[in-house]
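Me: I am new to this structure and would like to know what the descriptive words used for it rest on. Please take me through them one at a time.

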Amino acid sequence: MRVLICVWPAAAHLYPGVPLAWALRAAGHEVRVASHPSLADAVTGAGLTAVPLGDERTLPEPLGAGRPVPPDVAADLEQITKTLDLSGHERYLWSYHRDYMLPALRDFQPPTARADEPQPALDGLVDICRSWRPDLVLWDPTMPAAAVAAQVSGAAHARFVWGPDLFGWAHEQYARGKEQTGGALTAQEPLTASVAPMAARHGLAVTDELLLGQWTVNPVLEAMRLPTRARTVSVRWVPYTGSSTLPEWLYGPSAGPRVAITLGSSVRAWSQESGLLVNRVLEMVDGLDVEAVATLDATQLAVADRIPDNVRVIDYVPLSELLPTCSAVIHHGGHGTFGAALAARIPQFVVMDPRYPMEAPLTSRFLVGSGAGTGVRADRHSGAELRAGLARLIGEPSFAEAATGLYTDLLSAPGPSETVPVLERLTRHHRARA
């Protein structure tokens with residue numbers, strides 16, 4: 001069968017799906033990856049075929065949380081936030097969804113779009129689906145234009161989530177709030193608002209299937225998933241974090257304890273003012289009897305006050321190669337790094353930037369609850385306090401034991417090659433053409 005994978009143009013969105021794409025290819029299926037032209041090099045670097053959605057000059061620029069919100073959209077979001085009146089962890093989940101997920105969604109599916117005017121991302125996807133005629137479209141939850149294109153062309157379609165399913169969770173929170181408030185919630189649900197102009201352009205009804213897929217492929221550790229009613233196909237998280245030439249010092253095991261420091265591709269791309277976070281993670285290892293390997297780029301190094309003597313700095317090395325040689329990892333809380341550390345069976349120390357927390361509070365909460373790590377805000381602890389916490393993380397066996405337990409949970413999910421036959425059966429069932 002032909003499988004089209006559609007992702008928002010960021011490595012953090014692409015990489016989690018690469019092992020499944022390889023498995024589909026290995027099973028004899030044709031696979032293409034559609035995205036903004038800026039992602040083409042990352043796609044081809046992963047050994048996959050890239051299909052640009054259109055001309056980079058006419059497509060919207062992928063800004064994510066950096067894109068300004070139109071006043072009417074901001075007013076709707078404020079009304080929903082106040083009406084839902086969430087508290088505690090649920091309030092954080094809604095804020096993360098509102099401030100990070102929805103801006104990425106609106107980059108290519110703006111709620112202000114008109115059905116009778118060109119919609120570049122949607123139009124590009126429809127052209128691809130009509131010409132190539134995929135049997136299955138797997139789409140990023142921030143790219144529901146792919147669901148519209150799939151329905152227009154008769155393909156089966158499913159979401160591939162690369163982190164906790166905030167869209168499904170928020171959609172259900174909105175429905176519950178609307179029912180409980182008896183009509184007080186008048187603002188349109190944000191996902192529906194973005195999909196409606198695309199559906200209208202092609203005469204489709206806005207249904208839960210169009211919004212959330214005919215099913216959802218989910219590689220997130222089951223214990224970490226958010227509660228939703230989505231039909232789910234589980235697949236094991238297999239870390240892919242890019243490729244490079246392996247440095248000689250990484251050929252064999254380290255002489256003593258090694259600690260990885262990584263702030264993830266998203267922080268590099270979208271959070272330029274990262275001085276607080278960079279300096280805190282470097283202070284954590286200063287003076288400890290460990291070899292620290294910090295994957296920091298030139299921009300991040302420029303804001304570092306000093307590089308401790310026990311820190312080896314490298315711009316990039318795949319985490320799938322580095323983390324298995326480490327005793328622990330310090331990171332920003334991103335789900336890609338979290339998943340790579342799970343597979344490496346090592347404890348994790350999350351240090352979050354309060355200005356750009358993203359999923360760090362969610363990751364930290366899970367690590368603390370499972371006993372496999374900890375998480376703190378960078379602005380609330382000194383380097384010495386964090387250093388003591390890291391020494392405990394490395395020195396107390398309970399953290400490594402808990403990390404090994406999570407690895408056992410990870411292994412309980414079917415691998416990508418085991419998931420392919422399930423996708424084949426579901427595609428035959430849902431495809432609208434013979």
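Me: Which residues does Val 137 touch, leaving out those up to four places away in sequence?

Reply: In this predicted model, Val 137 touches Leu 4, Cys 129, Ala 146, Ala 150, Ala 155, Ala 156, His 157 and Ala 158. Touching here stands for heavy atoms within 4.5 Å.

Me: What makes Val 137 stand out in the largest nonpolar core?

Reply: The core has 75 residues, and Val 137 is named with Leu 4, Leu 53 and Leu 125 as touching the most other members. Helix H5 (residues 88-108) gives the largest share of this core, 10 residues. Another core, of 27 residues, lies apart from it and has Val 3, Leu 14, Leu 20 and Val 420 among its members.

Me: Why is H5 called roughly parallel to H9?

Reply: The axes of H5 and helix H9 (residues 190-201) cross at roughly 10 degrees and come within 11 Å. Angles under 35 degrees count as roughly parallel, so H5 is roughly parallel to H9.

Me: Which residues make the contact of H5 and H9, and how many of each class are there?

Reply: H5 contributes Trp 94, Leu 102, Leu 105 and Arg 106, while H9 contributes Pro 190, Leu 191 and Ser 194. By class, five are nonpolar, one is polar and one is charged.

Me: Which strands stand at the edges of the sheet with the order E3-E2-E1-E4-E5-E6-E7?

Reply: That open sheet has seven strands with parallel pairing. Strand E3 (49-52) and E7 each have a single partner strand, so one side of each is left without a neighbour in the sheet. From one strand to the next, the twist averages 30 degrees.

Me: How do you know that E1 and E4 pair?

Reply: Strand E1 (residues 2-6) and strand E4 (residues 136-139) are joined in the parallel sense over four bridges. Pairing asks for at least two bridges, so the four bridges of E1 and E4 satisfy it. Ile 5 has Leu 138 of E4 as its bridge partner.

Me: Which helices lie on this sheet, and what do they touch?

Reply: Helix H6 (residues 120-132) lies across E1, strand E2 (30-35), E3 and E4, and runs at about 170 degrees to E1. Helix H19 (residues 416-430) packs on the sheet too, touching E4, strand E5 (156-160), E6 and E7, with its direction at about 160 degrees to that of E7.

Me: Why is Arg 231 called exposed?

Reply: The relative accessible area of Arg 231 is 65%. Exposed means over 50%, so Arg 231 is exposed. Arg 231 sits in the loop between strand E6 (216-218) and strand E7 (232-234). Leaving aside neighbours within four places in sequence, Arg 231 is in contact with Gln 214, Trp 215 and Thr 216.

Me: Which strands form the edges of the sheet with the order E10-E9-E8-E11-E12-E13?

Reply: That open sheet has six strands with parallel pairing. Its edge strands are strand E10 (311-314) and strand E13 (373-377), each of which pairs on one side only. The twist averages 15 degrees from one strand to the next.

Me: What makes E8 a largely enclosed strand?

Reply: Five of the five residues of E8 are buried, so E8 is largely enclosed by the rest of the structure. Arg 258, Ala 260 and Thr 262 point one way, Val 259 and Ile 261 point the other way, and all are buried. Buried means under 20% relative accessible area.

Me: How do you know that E8 pairs with E9 and with E11?

Reply: E8 and E9 pair in the parallel sense over five bridges, and four bridges join E8 to E11, also running parallel. Since at least two bridges are needed, E8 pairs with E9 and with E11. Ile 261 has Ala 294 as its bridge partner in E9 and Ile 330 as its bridge partner in E11.

Me: Why is H12 called largely enclosed?

Reply: Nine of the 11 residues of helix H12 (residues 275-285) are buried, so H12 is largely enclosed by the rest of the structure. Among the buried ones are Leu 277, Asn 279, Arg 280 and Met 284. Gly 287 follows H12 and has a positive phi, near 90 degrees.

Key:
Residues numbered from 1 in each chain as written. Predicted model: local features only at pLDDT ≥ 70, side-chain atom pairs only at ≥ 80, totals over all residues. Heavy atoms only, no water. Core = buried A, V, L, I, M, F, W, Y, C linked by side-chain atoms within 4.5 Å. Buried < 20%, exposed > 50% of the residue type's maximum accessible area, 1.4 Å probe, protein only. Helix = DSSP H or I, 4+ residues; strand = E, 2+ residues; numbered from the N terminus. Axes fitted to C-alpha atoms, helices over the stretch in contact; angles between N-to-C directions. Parallel < 35°, antiparallel > 145°, perpendicular 65-115°, else oblique. Nonpolar A, V, L, I, M, F, W, Y, C, P; charged D, E, K, R; others polar.
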